[in-house]
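Dear colleague,

I am handing over the structure below, and I would be grateful if you could keep it open while you read the notes that follow.

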There are 4 protein chains.
Amino acid sequence: MLVWCSPMTDHRSNPRRRGQELETAILEATIAELAEVGYAGLTMDAVAARAKAGKVSIYRRWPTKAALVMAAGYQYTRGAQVPPDTGSLRQDTFTWLRGFADQLEGPVGQALLGAVVDSANSEQPGELAKLSEGRGRQVAELLVQRARNRGEPVVAGLTDVQLSAPSNALKLYYFIHGGRVDDSVLWAIVEELAMPLWRAESRGC
Amino acid sequence: MLVWCSPMTDHRSNPRRRGQELETAILEATIAELAEVGYAGLTMDAVAARAKAGKVSIYRRWPTKAALVMAAGYQYTRGAQVPPDTGSLRQDTFTWLRGFADQLEGPVGQALLGAVVDSANSEQPGELAKLSEGRGRQVAELLVQRARNRGEPVVAGLTDVQLSAPSNALKLYYFIHGGRVDDSVLWAIVEELAMPLWRAESRGC
Amino acid sequence: MLVWCSPMTDHRSNPRRRGQELETAILEATIAELAEVGYAGLTMDAVAARAKAGKVSIYRRWPTKAALVMAAGYQYTRGAQVPPDTGSLRQDTFTWLRGFADQLEGPVGQALLGAVVDSANSEQPGELAKLSEGRGRQVAELLVQRARNRGEPVVAGLTDVQLSAPSNALKLYYFIHGGRVDDSVLWAIVEELAMPLWRAESRGC
Amino acid sequence: MLVWCSPMTDHRSNPRRRGQELETAILEATIAELAEVGYAGLTMDAVAARAKAGKVSIYRRWPTKAALVMAAGYQYTRGAQVPPDTGSLRQDTFTWLRGFADQLEGPVGQALLGAVVDSANSEQPGELAKLSEGRGRQVAELLVQRARNRGEPVVAGLTDVQLSAPSNALKLYYFIHGGRVDDSVLWAIVEELAMPLWRAESRGC
DNA sequence: CTCTAAACGAGACGGTACGTCCAGTCTTCGG
DNA sequence: CCGAAGACTGGACGTACCGTCTCGTTTAGAG
């Protein structure tokens, strides 16, 4: 044979993570980075370093920063989002928006923000819609349904535009003003947007 | 040495622009770049090159890319935005939203997008609000006032949230879906959001 | 999730090679890669792919790229190298150098080059010497011996330095100039280096 | 106007170096890196960091690692190379080779080595020749001329191949064996290569 | 008018992050 | 168990921009 061997020892972290375990670690690192430095300050290098992963392992899964951030945000918000039943559509709606607004202050807000800007100039503008849009409408529908079941007077046949109007107003407010959304803003959305659109009695004789 | 030689020759363009003339040239170059490559693809170097200006002349006026883009967008939209009186609040609203949506396809949309993302992580959130927010509410107020003057049944005492709801819905739709906004989306906003909120008769017995 | 799916399918090639057969296949793949892309362009992945072998199977045998390349070069040149007897030391020498120079144009040259650079910074300098050095001296000694047997006037007691001078001159010329070595260069080495050093009559009164 | 200004202070090293001063700093950093980690271990990042320069400032001047290293080696060896006149061609030659061999132990050897390997696979194989080849022949010619002036019997009309044979033998020995070259090797080159080729009396009756 | 200070164009500079490539190690499976 | 396959960590690559700085030139405005 012919071996003259430079030793070149190599002490890497063991055991090596793969597949789902690694994926989760990367997404968690992404969430942490988003919380610390925000979307604009997030770098692939920093995520890789925090996750103790190679950059290639990230790029193999998500081709862009936007895709990574969207996946992280999706994972983060997968848990329970349904607000408790307070017995009143008005209060239910406020509670829901308050919880959403609180989330927006953290990594979720940063993820949403980043997803918007990067997906706007991408080839796949519809990807973001899947992640972002349905949620607000679904929860709103649930709240309205609960109210109807309780016997509250609710408009029948609410459209997507009408159901998602409150959460959209909140999102846009956050996009433009940033930071924490005050209760007064949320109440304004509830009283002036959700109630007029959703409650039948507000249109009554 | 092996490579390189000093420049020496120097043929600069004359006469040199200053003050307002230079500023306008830079903003126009910014608009043009936004239209061509979008906000994410816009670089200060490219703007400077297109404007045949030094980068310092840009940074002297606007400290960041976001500031430059917002200034350019502001300048671009300074012109008339008030839609013609079609004799119907419904048609007026659609026409206005159609014009706005058309603008969003071009540099204005890119500017808005960029302003959102960069201002979110800045120390001065809220600055964007001044530029972006008032407009939609103002035009909506004008349309409603015209309708009232024509005798159309319009809700009195509409709030900011209610007046800006349609334009906000459009903006958010653009942010999330990108690209051209279809007429059907605009009509949905008009019929399901603007009319229910603004027209008194739609709440009638 | 948003992207990606696990591989699952797995069609391995059968039957599996082992031991000598596998080793030969790897070395042949190495030679082929050297010929195609040169030493600098050679990658372990490419060799493994071409040999349809796992990278581990390579690293198990040769710890570094340099070791692999040297082994491949050694195997490749194991065959007959002795030039035919032309009846003249001068012509024999030229023929031999010509053949050697021709080899240098192909994988052998690339292997030699790579071995030099990688072994220079290794812990085991001198290993390369075993592979590379003896050959030139041995063939030169053979040529001189044949000439002596034919009755040509040849200096007795030629040293290693003197015997390997022509082949060394050729190697260095190749290292520095690269590419194909012209006949004129080889003739210069023969006439101005080999003959003065080796032929007794050229030192005669 | 429209300025909302994030301060973004920036404390870089001042005054900034340019042109010749910067070039020298980079080459010195290259020499230092070569001495510390050798050619194979040298990275553009490390050179840039040590020189406190941007990588672009290096790439602007030298397109490849090989070009940088060659320039550094050239700069480093620009100083006096001519050995002192010892009164004997034999001793002069040894002294010269000893000095050359000593240099090869340091950054010059690494530079030569690296230049060889990277230029071999380049488009400009002739570039290296200019840097490397002339020197050995020139000094040898000078030594021989001095000997002739002293009255030593020297062969007239020595060719390039003959003049550069000793230094080439040394270079190749270094390439293959690496590390420090022993005096005995140098004396062998002097006695068995330089003297037989250069001294007329060694061919005399 | 001349003189001076500021603004300007051009682009080199130090620096950060990018997305890619490869070396060498580790894991997973099938035979 | 070994071999094929290939994912993994780590690190250098060469590029793109950022925002600053240096260099001469041009211009405006004061004396």
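A polar contact, as the term is used here, is a pair of N or O atoms within 3.5 Å, where within protein one atom must be able to donate a hydrogen and the other to accept it. Please bear in mind throughout that this is a predicted model. With that meaning in hand, the count between domain 1 of chain A and domain 2 of chain A is 1 residue pair in polar contact, both residues being at pLDDT 80 or more, and the rule for salt bridges finds 0 across the interface of these two domains.

The two domains of chain A are domain 1, which covers 19-75, and domain 2, which is made up of 81-128 + 135-203, and their C-alpha centres lie 27 Å apart. Their contact takes 11 residues from domain 1 of chain A and 10 residues from domain 2 of chain A. The area buried between them is about 800 Å², with carbon and sulfur atoms giving 76% of it. On the side of domain 1 of chain A, the residues that lose the most area to domain 2 are A:L34, A:Y39 and A:M70, which together account for 56% of what that side buries. Helix 1 (19-41) and helix 4 (65-76) of chain A each supply at least two residues of that side, and helix 4 of chain A gives the most, with 6 residues.

I then turned to the nonpolar cores. The largest nonpolar core has 74 residues, and those with the most contacts inside it include A:L170, A:F175, B:L170 and B:W198. Helix 9 (residues 183-198) of chain B provides the largest share of this core, namely 10 residues. Apart from this core lies another, of 72 residues, among them C:A140, C:V154, C:L172 and D:A165. As for A:L170, when residues up to four places away in sequence are not counted, the residues that A:L170 touches include A:L97, A:F100, A:V181 and A:I189.

Finally, a single residue in chain D may be worth a look. D:T86 is placed in the loop between helix 4 (65-76) and helix 5 (89-105) of chain D, and because its relative accessibility is 37%, D:T86 counts as partly exposed. Leaving out residues up to four places away in sequence, D:T86 touches D:Q91, D:D92 and D:T95, while a polar atom of the side chain of D:T86 lies 3.3 Å from the backbone oxygen of D:S88. The C-alpha atoms of D:T86 and D:G54, which are 32 residues apart along the chain, are separated by 47 Å.

With best regards

How values were computed:
Residues numbered from 1 in each chain as written. Chains lettered and ligands numbered in written order. Predicted model: local features only at pLDDT ≥ 70, side-chain atom pairs only at ≥ 80, totals over all residues. Heavy atoms only, no water. Core = buried A, V, L, I, M, F, W, Y, C linked by side-chain atoms within 4.5 Å. Buried < 20%, exposed > 50% of the residue type's maximum accessible area, 1.4 Å probe, protein only. Helix = DSSP H or I, 4+ residues; strand = E, 2+ residues; numbered from the N terminus. Contact = heavy atoms within 4.5 Å. Domains from an automatic or database assignment. Buried area = accessible area lost by both parts, 1.4 Å probe. Salt bridge = Lys/Arg side-chain N within 4 Å of Asp/Glu carboxyl O.
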